[in-house]
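Reader: I have a new structure open and would like to learn how to read it. Could you walk me through some of its features?

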Amino acid sequence: MTAVNALLRIARSAMPLGLLYVGKLIIDRVVLISHAPVKDLTLLWELVGLEFALAILTDALSRAITLMDSLLGDLFSNHTSVKIMAHAATLDLDQFEDSVFYDKLERARQQTIGRTILLSQVMSQVQDLITMGFLAVGLMAFNPWLIILLLIAIIPAFLGESYFNDRSYALTRGQTPERRELDYIRYLGASDETAKEVKIFDLSGFIISRFKELSDKFYGDNKRLAIKRSLWGTFFAMLGSLGYYGAYVVIIYRAVNGSVTIGELAFLAGSFRQLRALLEGILTRFTAVSQGAIYLRDFFEFFEIEPKIKMAANALSFPKVIQHGFTFEDVGFKYINSERWANRHLNFTLYPGEKLALAGENGAGKTTLVKLLSRLYDPTEGRILLDGIDLREYDLADLRMNVGIIFQDYLRYQMSFAQNIAVGKISEADNRPLIENSARQSLADVLAAKLPGAYDQQLGKRFADGVELSGGEWQKVALARAYMRDAQLLILDEPTSALDARAEFNVFERFAELTKGRSAVLISHRFSTVRMADRILVLEKGELIEIGSHEELLQKGGRYAELFDLQAAGYR
Ligand SMILES: Nc1ncnc2c1ncn2[C@@H]1O[C@H](COP(=O)(O)OP(=O)(O)OP(=O)(O)O)[C@@H](O)[C@H]1O
C-alpha cells in the first residue's frame, strides 16, 4: 500500500505544473484569437477540456491519497502497539521497576498514539518537494537566478525551525518523569479504582492542586519556548517573503517590457504563488516531521533494550520428575536501585514433594525468595540449583510451565469468569472441562453456579454487565489458576488472606490432597496455614533464621514460637 501511495503522490506532484502550463496555453490562445480576424476555437476548447480533466484527476488523486494515509496510519498504529507489547513481554521484571526504563516505555508508547500521522507527513513532505521541483523546473526555463534567490531566502527559516525542534525535544524529554506523574494524578483523580478512597479521604482538592502545580509548570516552560519560536519564525518568514516578492517584481518588470507573454506572466505568477504556499506548508510540516523523527529515536531505543534474564544457548528441559529438588546456595538478592539486600545467605533445599511454608514479618523477603525460585529475577550472588544444575541452564518457558505461582497481588482481569481461570494456562482457554475442574479444586465452582452467566459471566465493573466479586471470591478464582497447569512446584503467596476461616480450612485441606507428590511453597501470615507445612522457613531481614516443622520450631522457642504465641494470644 505504501508503494501505491508513493506512486499516487508522485502523480499528484506533477499536477500543479500541468494545470498552470495548460492555463498559460489557454491565456496565450485567448490573446491570440482576440487579435485574429478568423476565430478558430477548436484548440482552445480542447485545452479547456484538458484543464478540466486535470482538475478532476487532481481531486481524485488527493482523495485517494487521504484515504490511503488514514488506512496506513491505522495499520502503523496497530503494528507498533503489537510490537511494543511483544517486546515488553520479553523484558525482565526489574526493568519495569526501573524509572529510566519506564520513561522509555512511555515515550515509545506515545509514538503509537501521536506519531501515526508521521508517515503521511513525511510522504506529503516528499510530495511537496517534488511539486516544488516541477515548478522550479518551469521557472528555471525562464530565469534560473530567481530560483536561487528564493532558496537563499528560505534557508534561515529552515535552520531556525530545526534549532527550535531540538530545543522543544530536549524540553519534552526532560519533562518525561513529571509527565508520568501528571498521568498518574489524572488517573487518581478520575478512575473507577480510585473513586472510593478519593471520596472517603476527600482527596480531590489535594489531587487537583498537585495537578495544577505540575501542569502550570509545563505550561510556563512550553509557553516561553513557543513565544521565542513564534517571534523568530515570523522574522524568518519575512525574509522568505522578501525573496519571493523580489523575484515577483523581476517577472512583472519583464512582462511590462514585453519579454514575457501574458500567458507566461500568469504561469510565472501562479508558479510563484504556489511555490510560496508550498514553502509555507513544507516549513510548518518540517517542524512536525523532524519532531516526529527525533521522537522515533525513543521508539527505537526502547527496542534496543535487551532482557538480562536470558536462556542458555543449549537450554535443558525441565526434569520430567524432580529428583533432588531446588537447592539455594548462599543466595543473595538486591533489587535494582536498592542498596539493601532483600535476601541474603540463603542456604536450604526444597525437596521433591515437600510442602514448605515461609514465615516472617512484613518485608522479611518471602515474596522475593519465590520470585527468585520462579526466575522472575536472578540471584545477585550465590545460585539456585535444580537437581544439581543451575536454574539458569533450564529452558525458561519450560521452567515457567512447571512452576505455578499465584501472587498476593494477583490480577483481577476484567474478563469472563472462565477466562480469569484460564490465564493459569492460556493455551487451554477453550478447555472448559479443565477450567471447571480447576474451579472445583479452589472452591470457585460454587461461585460460578451463583453467577447469572455462570462460567461466561463477565467479571469486574469496567465493562457492561460485569459482576463485581468480593475480595475472597476473587481470591478463589485466582487460586483456580494454580490448578490449570500440571506444575511440579506450586507457589502460593498469601493465597487465602481474604478467605474466611472455613473457606481457608477447606482450601488447604484440598490443597494438601491435590498437591500430593508435588512440591509447594506457601507464604502466609496465618499460623493456622503455616503449621500445615512439612517444614517452615523463618525469614528475618532477608536471612533464614530458623527452619523446621511447626513442632520443632515451637519447641525451639525462637522467633517462630514468639510470633506464633503473639498471634495465638490475639485469639484468646
Ligand atoms: N520491586 C521492589 N523493588 C525494590 N525493593 C523491593 C521490591 N519489592 C520488595 N522490595 C523490598 O525488599 C524487601 C523484601 O520484600 P518482600 O516483598 O520479599 O517481603 P515479604 O516478606 O514478602 O513481605 P510481606 O509479608 O509484607 O509481603 C522489602 O524491604 C521491600 O521493601
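Author: Gladly! Let's begin with a helix: in α11, the buried residues are Lys-366, Thr-368, Leu-369, Val-370, Lys-371, Leu-372 and Leu-373. Keep in mind that this is a predicted model.

Reader: How do I decide what "buried" means, and what does it say about α11?

Author: The idea is to count neighbours: a residue is buried if 20 or more other C-beta atoms lie within 10 Å of its own. Seven of the eight residues of α11 pass that test, so the helix is largely enclosed by the rest of the structure. Across the chain, 27% of the 572 residues are buried.

Reader: Which residues surround the ligand?

Author: Here we look for residues whose C-beta atom lies within 6 Å of the ligand. The shell consists of Glu-97, Tyr-335, Ser-338, Ala-342, Gly-360, Asn-362, Gly-363, Ala-364, Gly-365, Lys-366, Thr-367 and Thr-368. By class, three of the shell residues are nonpolar, seven are polar and two are charged.

Reader: Which helix gives the most to that shell?

Author: Our helix from before, α11 (residues 366–373), with three residues. Lys-366 and Thr-368 are in the shell, and both are also among the buried residues of α11.

Reader: What comes after α11, and what is the sign of its phi?

Author: Arg-375 follows the helix, and its phi is positive, near 60 degrees. Another residue to look at is His-345, a non-glycine with a positive phi near 50 degrees. His-345 belongs to strand β2, residues 341–350. Leu-443 is not a glycine either, and its phi is positive at about 70 degrees. Leu-443 sits in the loop between α14 (432–441) and α15 (445–450).

Reader: Are His-345 and Leu-443 buried or partly exposed?

Author: Use the neighbour count again: partly exposed falls between the exposed limit of 12 or fewer and the buried limit of 20 or more. His-345 has 14 other C-beta atoms within 10 Å and is partly exposed. Leu-443, with 16 C-beta neighbours inside 10 Å, is partly exposed as well.

Reader: Where could I find exposed residues to compare?

Author: Try two loops. Gly-388 lies between β4 (381–386) and β5 (389–390), and this glycine is exposed, with 9 other C-beta atoms within 10 Å. Lys-308 lies in the loop between α10 (262–304) and β1 (326–334). With 12 C-beta neighbours inside 10 Å, Lys-308 counts as exposed.

Reader: How do helices α1 and α2 pack against each other?

Author: For a pair of helices, look at the distance and the angle between their axes. The axes of α1 (residues 2–35) and α2 (residues 42–90) come within 8 Å and cross at roughly 160 degrees. That makes α1 roughly antiparallel to α2, because angles over 145 degrees count that way. Their crossing is left-handed, and the contact has 23 nonpolar, six polar and four charged residues.

Reader: What about the chain as a whole?

Author: Step back and count elements, then check the dimensions. The secondary structure comes to 20 helices and 10 strands. The C-alpha atoms fill a box of roughly 125 × 55 × 50 Å along the principal axes. The chain has a radius of gyration of 36 Å, whereas a compact globule of 572 residues would be near 25 Å.

Notes
Residues numbered from 1 in each chain as written. Predicted model: local features only at pLDDT ≥ 70, side-chain atom pairs only at ≥ 80, totals over all residues. Axes fitted to C-alpha atoms, helices over the stretch in contact; angles between N-to-C directions. Helix = DSSP H or I, 4+ residues; strand = E, 2+ residues; numbered from the N terminus. Parallel < 35°, antiparallel > 145°, perpendicular 65-115°, else oblique. Left-handed = near helix turned anticlockwise from the far one by under 90°. Nonpolar A, V, L, I, M, F, W, Y, C, P; charged D, E, K, R; others polar. Rg over C-alpha atoms; globule rule 2.2 N^0.38 Å.
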